[in-house]
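Here is a short set of exercises to work through with the model open on your screen. Try each task before you read its solution.

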Amino acid sequence: MLELQSVSKRYRGIPAVDDVSFVLREGEVLGYLGPNGSGKSTTVKMVIGMIQPTKGKIFFGGRNIHDDLSGYRAQLGYVPEEAQVYTHLSGLEYLQLIGRLRGMEERLIEQKARTLLQLLSLEGAQYAALSDYSKGMKQRVLIAASLLHEPKLIVFDEPLSGLDAVSSRLFKDLLVLLAGEGKAILYISHVLEVVERVCDRVIVLAKGKVVADAAPRELTRLMELPTLESVFAQLVQQTDTAKVAREIVDVMKVQHG
């Protein structure tokens with residue numbers, strides 16, 4: 001459904017994303033992982049059509065997304081990492097705005113917006129300004145907004161940010177059902193234990209390049225490591241955090257220069 005073909009993005013000649021290729025199919029939850037600065041956010045910006053690749057192409061349903069960007073975005077749902085919303089609007093007004101921008105009928109917008117707010121435990125706050133919402137409440141509004149028009153492709157960028165335990169569990173259950181409905185889901189997260197549980201496949205990015213692309217259990221088996229977290233740390237040559245933590249404590253104990 002979604003295909004990236006040798007996609008690269010350079011800023012002043014420096015590669016942020018370097019020759020990335022993958023296919024995301026209907027009904028698949030694809031985890032897209034990498035440390036800070038690895039190129040995840042740049043990839044997401046290209047996938048949602050915010051920026052164009054320096055090299056390579058992105059296809060959706062066999063068609064270059066930039067041939068009909070508005071048509072492509074009509075089939076895309078997106079939850080950004082940061083909850084950027086119009087804070088002067090209420091939760092209900094925000095969903096109504098999104099529905100209108102999507103070209104939905106007013107009666108359908110009203111029905112779906114109110115029902116989604118109720119199901120996401122936001123019914124009591126639907127008339128309150130988003131400026132009064134907590135981070136988790138804003139995140140739930142964004143999730144509702146991304147699903148309002150029943151997209152075929154959904155990009156979740158750190159979707160659990162700010163969610164409480166109940167909302168997080170609901171989201172994980174929702175993810176499974178969305179995949180079962182044939183939605184293609186690109187899932188970006190640092191919460192590796194959740195990725196290991198909900199993703200059919202994971203891509204690990206390091207310095208803009210793909211260093212792994214396989215099912216989580218296949219990666220742990222091939223690398224003879226117990227968890228996806230340990231696989232990730234080895235693949236991206238992550239800092240020895242235990243060693244650094246010990247050194248920080250040692251510095252704390254220094255009394256004299």
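**Exercise 1. Find the residue with positive phi just after α4, then describe how α4 sits in the fold.**

Solution.

Step 1. Look just past the end of α4: Ser-121 takes a positive phi of about 60 degrees there. Keep in mind that this is a predicted model.

Step 2. Check the length of the helix. At 1.5 Å a residue, the 14 residues of α4 should span 20 Å, and its end C-alpha atoms are indeed 20 Å apart, which agrees.

Step 3. Pick out the buried positions, taking buried as under 20% relative accessible area. In α4 these include Ile-109, Ala-113, Leu-116 and Leu-117. Seen down the axis of α4, its buried residues fall within an arc of 100 degrees, so they line one face of the helix.

Step 4. A general rule helps here: an α-helix has 3.6 residues a turn, so residues three or four places apart point the same way.

Step 5. Turn to the face of α4 that looks away from the buried side. Arg-107, Gln-111 and Leu-119 are exposed there. On the buried side, the cover includes α3 and α5.

**Exercise 2. Which residues of α6 are buried, and which exposed residues does its opposite face carry?**

Solution.

Step 1. Begin with the span: α6 has 16 residues and reaches 23 Å from its first C-alpha to its last, close to the 22 Å expected at 1.5 Å a residue.

Step 2. List the buried residues of α6: Ser-167, Ser-168, Phe-171, Leu-175, Leu-178 and Ala-179. Viewed down the axis of α6, its buried residues fall within an arc of 105 degrees, so they line one face of the helix.

Step 3. Now view the face of α6 turned away from them. It carries the exposed residues Ala-165, Val-166, Arg-169, Val-176, Leu-177 and Gly-180.

Step 4. Ask what lies over the buried side of α6: the cover includes β3, α5, β7, β8 and α7. Just after α6, Gly-182 takes a positive phi of about 90 degrees.

**Exercise 3. How many of the 13 residues of α5 are buried, and what do they pack against?**

Solution.

Step 1. Compare lengths: α5 reaches 19 Å from its first C-alpha to its last, close to the 18 Å expected at 1.5 Å a residue.

Step 2. Count the buried residues: 11 of the 13 in α5, so to speak a mostly covered helix. Among them are Gly-136, Lys-138, Arg-140, Val-141 and Ser-146.

Step 3. Identify the neighbours. The buried residues of α5 pack against β6 (76-79), α3, α4, β7 and α6.

**Exercise 4. Why is β8 largely enclosed, and which strands join it?**

Solution.

Step 1. Five of the five residues of β8 are buried, so the strand is largely enclosed by the rest of the structure.

Step 2. Inspect both faces of β8. Ala-184, Leu-186 and Ile-188 are buried on one side, and Ile-185 and Tyr-187 are buried on the other.

Step 3. Follow the pairing. β3 and β8 run parallel and are joined by four bridges, with Leu-30 partnered by Leu-186 in β8. β7 and β8 also run parallel, joined by five bridges, and Asp-157 has Ile-188 of β8 as its bridge partner.

Step 4. Add the helix: β7, α6 and β8 make a right-handed β-α-β unit.

**Exercise 5. Which elements supply the largest nonpolar core, and which gives the most?**

Solution.

Step 1. Locate the core. The largest nonpolar core has 42 residues, and those with the most contacts inside it include Tyr-94, Val-141, Phe-156, Phe-171 and Leu-175.

Step 2. Trace the suppliers. β3 (29-33), α3 (91-101), α4 (106-119), α5 (135-147), β7 (153-157), α6 (165-180), β8 (184-188) and α7 (192-198) each supply at least two residues of this core. α5 gives the most, with six residues.

Step 3. Zoom in on Leu-175. Leaving aside residues up to four places away in sequence, Leu-175 touches Val-29, Phe-156, Ile-185, Tyr-187 and Val-198.

Step 4. Look for another cluster: a second, separate core of 26 residues includes Val-20, Leu-30, Met-46 and Ile-58.

Key:
Residues are numbered from 1 along each chain as its sequence is written. This is a predicted model: local features need pLDDT of at least 70, side-chain atom pairs count only at pLDDT 80 or more; totals for chains, interfaces and linings use all residues. Side-chain values use heavy atoms; hydrogens and water are left out. A nonpolar core is a set of buried Ala, Val, Leu, Ile, Met, Phe, Trp, Tyr and Cys residues joined through side-chain atoms within 4.5 Å. Buried means under 20% relative accessible area, exposed over 50%, partly exposed in between (1.4 Å probe, protein chains only). Contact means heavy atoms within 4.5 Å. Two strands pair if DSSP finds at least two bridges between them. A crossover is right-handed if, with the strands pointing away from the viewer, the path from the first strand over the helix to the second runs clockwise. The expected span of a helix is 1.5 Å times one less than its number of residues. The arc is that of the directions from the helix axis to the C-beta atoms.
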